[in-house]
Amino acid sequence: MIPKQGRIVGGTKTHFGDWPWTVLVKESTWLGLFTKNKCGGVLLNHKYVVTAAHCQPGFLASLTVVLGEFDLTGNVEPMRTVERNVKRIIVHRDYDPKTFENDIALLELASPVEYRPHVVPICLPDDNEDFVGKKALVAGWGRTKYGGTVPDVLMQVEVPIMTNSECQAMFYKAGHPKAIRESFMCAGYPNGERDSCEGDSGGPLMLQREDGRWELAGTVSHGIKCAWPNLPGIYMKMTYYKPWILRVIES
């Protein structure tokens, strides 16, 4: 059973402004009467956020994004959050909700955002960049354990990126016949313990470059439970989707 919503387990609290490209995606229904925190997302430039395709809104619902968010309780933060309505949702046309293939979407904001110390875009990776064997950070407001509670503040966790064949072997070992596609990226530990979890979907899997800037290796997609042995988290691989992203943004 693959949970529909993507998924930080075993992580630590972040500090305000640590990950200024991490976006909270909210869904509003019934003309805005009901709003819920749906997913994470990542700011790419003044007008576009990347997230997971399965974060698209339900019937008669709409999305808004909150940039510069940190503490969901609304406690006083050093700088105010920035909200934008989503004008257009561009879901990858080959997205398959059954297998989570191409689980990626771009959100076009109704108006551009100005960059500020706590609202900054992340870099896309170089075309042929290989992250295997490197440790990456995931950030999100997702559940802190499978079936558990949601944190108040943005959380982070470090996970190692593995080859797709290692990932496939781990799923088989756990008794799951899931096919690991070329467009997927897997990260996690054989014994579980640390992982992304429900509510983290669309958020960043990121690494720091030698020049100090951060780049997006992947976006949180899905997994089976959270932080269970031999069931690493699955992310959409940014080097695979970069041409599609640039095509949409530049059109």
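# A tour from Glu-27 through the barrel to helix α1

Begin by selecting Glu-27, which counts as buried because its relative accessibility is 5%, under the 20% limit used for that term. The model on screen is a predicted one, and every stop below should be read with that in mind.

Show the backbone around this residue, and Glu-27 will be seen to lie in strand β2, which spans residues 22-29. Next, display its side chain together with that of Lys-38, since the two side chains make a polar contact at 3.4 Å. To see the rest of the surroundings, select the residues that Glu-27 touches beyond four places away in sequence; among them are Phe-34, Thr-35 and Lys-36, as well as Gln-56, Pro-57, Gly-58 and Leu-63.

Now widen the view from β2 to the barrel, in which six strands close up in the order β2-β3-β4-β7-β6-β5 with antiparallel pairing. From one strand to the next, the twist averages 45 degrees. Helix α2, residues 238-250, packs on the sheet and touches β4, β6 and β7, while its direction makes about 25 degrees with that of β7.

Within the barrel, select strand β3 (residues 34-43) and strand β4 (residues 48-51), which run antiparallel and are joined by two bridges. The connection between β3 and β4 is a hairpin of four residues. Starting from Leu-43, look across to its bridge partner in β4, which is Val-49; then follow Val-49 to its bridge partner in β7, Leu-107. On this β7 side, β4 is held by four bridges, again with the strands running antiparallel, and Thr-51 stands opposite Ala-105.

Stay on β4 and colour its residues by the side to which they belong. In a regular strand, side chains alternate between the two faces of the sheet. Here Tyr-48 and Val-50 are on one side and Val-49 and Thr-51 on the other, and all of them are buried, so that both faces of β4 are covered.

The next two stops concern backbone geometry in loops. Select Phe-100 in the loop between β6 (82-91) and β7 (105-109), where this residue has a positive phi of about 65 degrees although it is not a glycine. Phe-100 is also buried, at 3% relative accessibility. Then move to Asn-230, in the loop between β12 (214-222) and β13; this residue, likewise not a glycine, takes a positive phi of about 60 degrees, and with a relative accessible area of 14% Asn-230 is buried.

Finish at helix α1, residues 164-173, and select its buried residues, which are Cys-167, Gln-168, Met-170 and Phe-171. Looking down the axis, one finds that these residues cover an arc of only 160 degrees, which puts them on the same side of α1. Turn the helix to its other side, and Ser-165, Tyr-172 and Lys-173 are there, exposed. To find what covers the buried residues of α1, add the strands β9 (155-162), β10 (184-187) and β13 (233-237), which are included in that cover. As a last selection, step just past the end of α1 to Gly-175, which takes a positive phi of about 85 degrees.

Methods. Residues are numbered from 1 along each chain as its sequence is written. This is a predicted model: local features need pLDDT of at least 70, side-chain atom pairs count only at pLDDT 80 or more; totals for chains, interfaces and linings use all residues. Side-chain values use heavy atoms; hydrogens and water are left out. Buried means under 20% relative accessible area, exposed over 50%, partly exposed in between (1.4 Å probe, protein chains only). The arc is that of the directions from the helix axis to the C-beta atoms. Contact means heavy atoms within 4.5 Å. A polar contact is a pair of N or O atoms within 3.5 Å; within protein, one must be able to donate a hydrogen and the other to accept it, and residues adjacent in sequence count only if both atoms are side-chain atoms. Two strands pair if DSSP finds at least two bridges between them. Axes are lines fitted to C-alpha atoms, for helices over the stretch in contact, and angles run from 0 to 180 degrees between N-to-C directions.
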